[in-house]
Amino acid sequence: MELTFWLLDVTYGVVGNAPELRLFGITNNDKRVLVLDRSFRPYFYVLPSGDSSTVLANVKRKLEGRVLGVELVKRRLFGGEVDAIKVTATIPEKVRELREIAAEIPGVKDVLEADIRFSQRYLLDMGVKPSNWVVVDQCEEVKGNYQVDLVCLAKTRPRMIEEHKLPNFRILALDIEVYNPRGMPNPDRDPIIIISTMTKEDGIKMFVADDSKNDAKIIREFVDYLRKYDPDIIVGYNNNGFDWPYLVNRSSRVGVKLTISRMGNPPEPSVYGHWSVIGRANVDLYNFIEEMGEIKVKSLDRAAEFLGVMRRDERVLIPGHRIYEYWDDKSKRDLLLRYARDDVVSTYGLAEKLLPFAIQLSSISGLPLDQVGASSVGARVEWMIFYEAVKRGELAPNREERPYETYKGAVVLEPRPGLHEDIAVIDFSSMYPSIMMKYNVSPDTLVIGDCNDCYVAPENNYRFRKTPEGLYPGLLRVLVESRRKVRELMKNYPENSPDWVLLNERQRALKVMANAMYGYCGWLGARWYRREVAEAVTAWGRNLLKTVIEKARSLGLPIIYGDTDSLFVKNIGDKVDALINYINNELGFDVKVDKVYRRVLFTEAKKRYVGLTIDGEVDIVGFEAVRGDWAEVAKDVQENVAEIVLKTGDVGKAVAYVKSIIDKLKAFQFDIDDVIIWKTLDKSLNEYKVLTPHVAAAKQLIEAGYKVGKGDMIGYVIVKGGGAKLAYKVKPYILIKDIREIDVDYYIEKQVIPAAMRILEVLGVKESQLMEGKAGKSILDFFQ
DNA sequence: GCGGCGCTACTACCT
DNA sequence: ACAGGTAGTAGCGCCGCG
């Protein structure tokens with residue numbers, strides 16, 4: 001039979017002495033299927049130095065009887081033709097020892113592609129990416145003990161087809177609550193008290209322990225339910241870091257089998273720190289929130305609020321360390337149940353918002369849906385390149401340890417300080433990808449030495465062959481072209497309709513991947529790393545901006561500021577048009593007026609400005625107001641000052657406003673949330689060389705029994721008393737009992753005034769004006 | 001013993 | 001565990017100081 005399915009998960013096993021690929025999918029008529037392929041074997045390459053036939057003979061002699069085949073093949077490496085010896089093994093588990101033996105054979109220069117996971121190797125060679133539709137022309141039904149509607153053995157190789165629609169997934173959100181009377185729960189002693197799930201069909205299910213807190217029963221009920229519901233996708237929030245390891249640990253402790261995969265086995269730890277549930281996609285939504293810079297404090301409730309899933313003031317919030325209190329106190333237990341419910345509903349809601357993008361990332365990168373979130377940006381780009389490389393017969397270089405080296409980046413212009421009226425922002429669209437495509441910049445087109453048909457980078461003179469098209473530019477062209485097509489398709493659907501949303505997520509993912517290519521090429525961890533490639537790209541970028549600046553000058557168009565690929569100029573219609581035409585037509589790069597500011601204010605600092613767009617929106621860039629590590633009260637003041645200044649031009653009004661906030665602080669008229677300073681703990685506590693305030697606060701938290709470590713956000717406030725350093729005056733905000741402990745002078749002097757003055761100083765306001773007297777004086781007082 | 005100063009550590013931002 | 005360029009706060013060590 002012919003079978004068409006959407007590829008959800010892939011794994012392999014060894015049957016007899018042969019590997020068996022297992023492709024789990026969903027058909028277009030809603031059947032869960034498993035396709036087995038026993039026709040593929042693991043292999044790797046050996047690179048000979050010197051005479052390849054001699055080395056081939058050596059390899060054959062040495063590996064005879066241990067491998068299925070040794071053959072000489074033609075491949076490419078960084079664009080150059082090479083002889084390679086392809087060694088085919090019986091089963092994946094043998095590859096490691098074979099590669100070690102092979103590396104020692106005389107005449108062997110290198111062993112390549114011997115570190116590729118077998119299931120990924122298979123997909124690469126088939127040109128099949130997960131989260132896409134796949135056809136197997138001949139599949140023969142077989143018996144098998146799997147939780148699917150159909151198992152078949154592939155008689156032909158799978159092939160990917162282009163089709164954007166998605167199957168009807170069964171999605172299950174999962175969240176557990178644990179009894180934790182001693183701080184951070186420990187699975188050796190602390191039982192699970194609530195397991196909550198949510199699905200579209202069954203709604204919310206809560207498996208709640210009884211007073212004996214015997215969790216064997218609820219785990220068993222949960223397992224039964226999960227198997228009955230049979231989800232394709234399981235989502236959680238930090239489930240890779242908490243729920244799964246805890247559940248696995250607890251269930252083995254209480255003797256319950258977590259037979260939840262489609263092969264009946266428990267979840268197991270896998271690559272990139274993710275937990276795999278065979279035949280299903282286990283997705284940790286926290287991974288995607290981690291990447292969203294706009295969300296500063298990445299707790300589930302805040303993420304859900306930010307994405308419009310659930311408001312924080314409409315849900316139950318319980319501090320993690322007090323969960324047990326809400327369990328023990330029966331009058332509060334109902335609150336705990338509502339809290340658990342809100343969490344699982346939030347998780348399900350987040351999945352609706354985030355899965356469409358995750359699916360597209362998986363489909364484009366070639367990483368399975370359950371891995372793509374946990375993987376790094378570098379890994380996603382690398383797999384995408386790998387697919388393109390295999391298509392071209394280009395061998396993947398090994399990962400190498402490289403010494404840290406830096407290279408020159410973009411230009412940033414000194415801004416013209418002050419308040420400017422009517423400013424246009426001209427932006428290059430995808431400057432670096434465009435440069436890479438235009439000048440064929442790629443690790444495989446780089447020429448060391450003479451070249452008579454090359455593009456030559458400015459400043460550093462790196463040279464790139466004009467033909468054939470390189471790996472990076474070729475891939476970028478595919479991404480750009482696909483994105484153009486997808487955006488074209490979007491026009492056929494009403495905005496925000498399901499089809500439109502799907503395509504929109506796809507075009508977004510295509511853009512994200514294209515824009516990540518430059519960063520990848522300068523990443524020391526990249527297989528296809530070439531410093532010259534990254535250096536050439538930035539050199540061309542600097543050159544481009546410089547050329548545009550010169551042109552603007554020759555047109556008599558005043559420049560206010562510029563950074564990397566943008567230029568802020570006076571909005572003089574014909575001159576701006578002339579500049580844009582010049583860039584588009586004569587330089588051959590795509591630029592557009594990204595936005596026009598009615599007013600925009602710069603200080604002397606780069607990368608910081610506030611502007612009022614012609615649509616009446618206030619943009620704040622770089623300033624404290626958009627930083628996560630300033631107190632809300634200061635950010636708020638700065639934002640309002642900016643708005644007043646930009647909208648009314650009334651500096652006096654802004655000054656009066658700042659004074660009113662200072663007065664409120666002095667009178668303790670504020671909320672604790674307004675004075676919390678959040679900072680990320682970027683290292684483990686013992687790695688810090690200096691005692692910074694947030695480190696001091698973190699130590700206090702540990703003292704108080706909390707578990708904090710690398711990667712955590714520390715929220716602290718500055719309190720009265722203390723000593724010479726600020727670090728002696730900090731206190732974690734959760735330990736604050738009375739708002740009068742707060743040192744309001746600190747907030748006035750070190751937060752509110754600096755934040756306000758940043759904007760006001762350039763308008764001639766003196767700091768003393770914010771301090772003197774009370775607010776509400778005549779506005780005239782504030783002008784010299 | 002302490003304030004001033006310059007440097008380093010640290011975080012978070014922009015493109 | 002995708003890049004470099006940048007601003008800003010706080011800590012720390014050193015200097016001078018009869």
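This is a walk through a predicted model of a protein chain with two DNA strands, taking in confidence, the DNA surfaces, one helix and one buried serine.

Let's begin with how far the model can be trusted. Chain A has a mean pLDDT of 94, and 98% of its residues reach 70 or more. The stretch to treat with care is residues 774–784, where the pLDDT is below 50. In the model this stretch has 17 contacts beyond near neighbours in sequence.

Now turn to DNA strand B. In all, 20 residues surround this strand, and the closest are K296, D565, G628, K683 and Y688. If you sort the residues of that surface by class, you find 10 charged, five polar and five nonpolar. Which part of the strand do they meet? Of the strand B atoms within 4 Å of the protein, 93% belong to sugar or phosphate, with the rest belonging to bases. Three polar contacts are good places to zoom in. At Y609, a polar side-chain atom lies 3.0 Å from a phosphate oxygen of DNA strand B. G622 works through its backbone instead: one of its polar backbone atoms is 2.8 Å from a phosphate oxygen of this strand. D563 also uses a backbone N or O atom, which lies 3.3 Å from a sugar or linking oxygen of strand B.

DNA strand C has its own set of neighbours. Here 30 residues surround the strand, with G378, K606, K725, A727 and Y746 the closest. By class, this surface has 15 nonpolar, nine charged and six polar residues. Helices α11 (377–392), α14 (498–521) and α21 (744–760) each supply at least two of the residues. Sugar or phosphate accounts for 89% of the strand C atoms within 4 Å of the protein, and bases make up the rest. K606 is worth a second look, since one of its polar side-chain atoms lies 2.8 Å from a phosphate oxygen of DNA strand C. The side chain of S376 also has an N or O atom 3.1 Å from a phosphate oxygen of this strand. At L726, the atom involved is a backbone N or O, 3.3 Å from a phosphate oxygen of strand C.

Next, follow the chain to helix α4, residues 215–229. At its start, a side-chain oxygen of N214 reaches to within 3.0 Å of the backbone nitrogen of A216. How does the length of α4 compare with what its 15 residues should span? At 1.5 Å a residue the expected span is 21 Å, and the end C-alpha atoms are 21 Å apart, so the two agree. The buried residues of α4 are D215, A216, I218, I219, F222, V223, Y225, L226 and Y229. These buried residues pack against strands β12 (171–178), β13 (192–199), β14 (203–208) and β15 (233–236), and against helix α5 (239–254). After the helix comes D230, whose phi is positive, near 60 degrees.

Our last stop is S442, in the loop between α12 (431–438) and β20 (446–447). Is this serine buried or exposed? S442 counts as buried because its relative accessibility is 0%, under the 20% cut-off. Leaving aside residues up to four places away in sequence, S442 touches F464, G470, L471, Y472, P473 and V533. With L471 there is also a polar contact: a polar atom of the S442 side chain lies 3.2 Å from the backbone nitrogen of L471.

Terms used:
Residues are numbered from 1 along each chain as its sequence is written. Chains are lettered from A and ligands numbered from 1 in the order in which they are written. This is a predicted model: local features need pLDDT of at least 70, side-chain atom pairs count only at pLDDT 80 or more; totals for chains, interfaces and linings use all residues. Side-chain values use heavy atoms; hydrogens and water are left out. A residue is near a molecule or strand if one of its heavy atoms lies within 4 Å of it. A polar contact is a pair of N or O atoms within 3.5 Å; within protein, one must be able to donate a hydrogen and the other to accept it, and residues adjacent in sequence count only if both atoms are side-chain atoms. Ala, Val, Leu, Ile, Met, Phe, Trp, Tyr, Cys and Pro count as nonpolar, Asp, Glu, Lys and Arg as charged, and the others, Gly among them, as polar. Helices (H or I, at least four residues) and strands (E, at least two) are DSSP runs, numbered from the N terminus. The expected span of a helix is 1.5 Å times one less than its number of residues. Buried means under 20% relative accessible area, exposed over 50%, partly exposed in between (1.4 Å probe, protein chains only). Contact means heavy atoms within 4.5 Å. pLDDT is the predictor's confidence in each residue, from 0 to 100.
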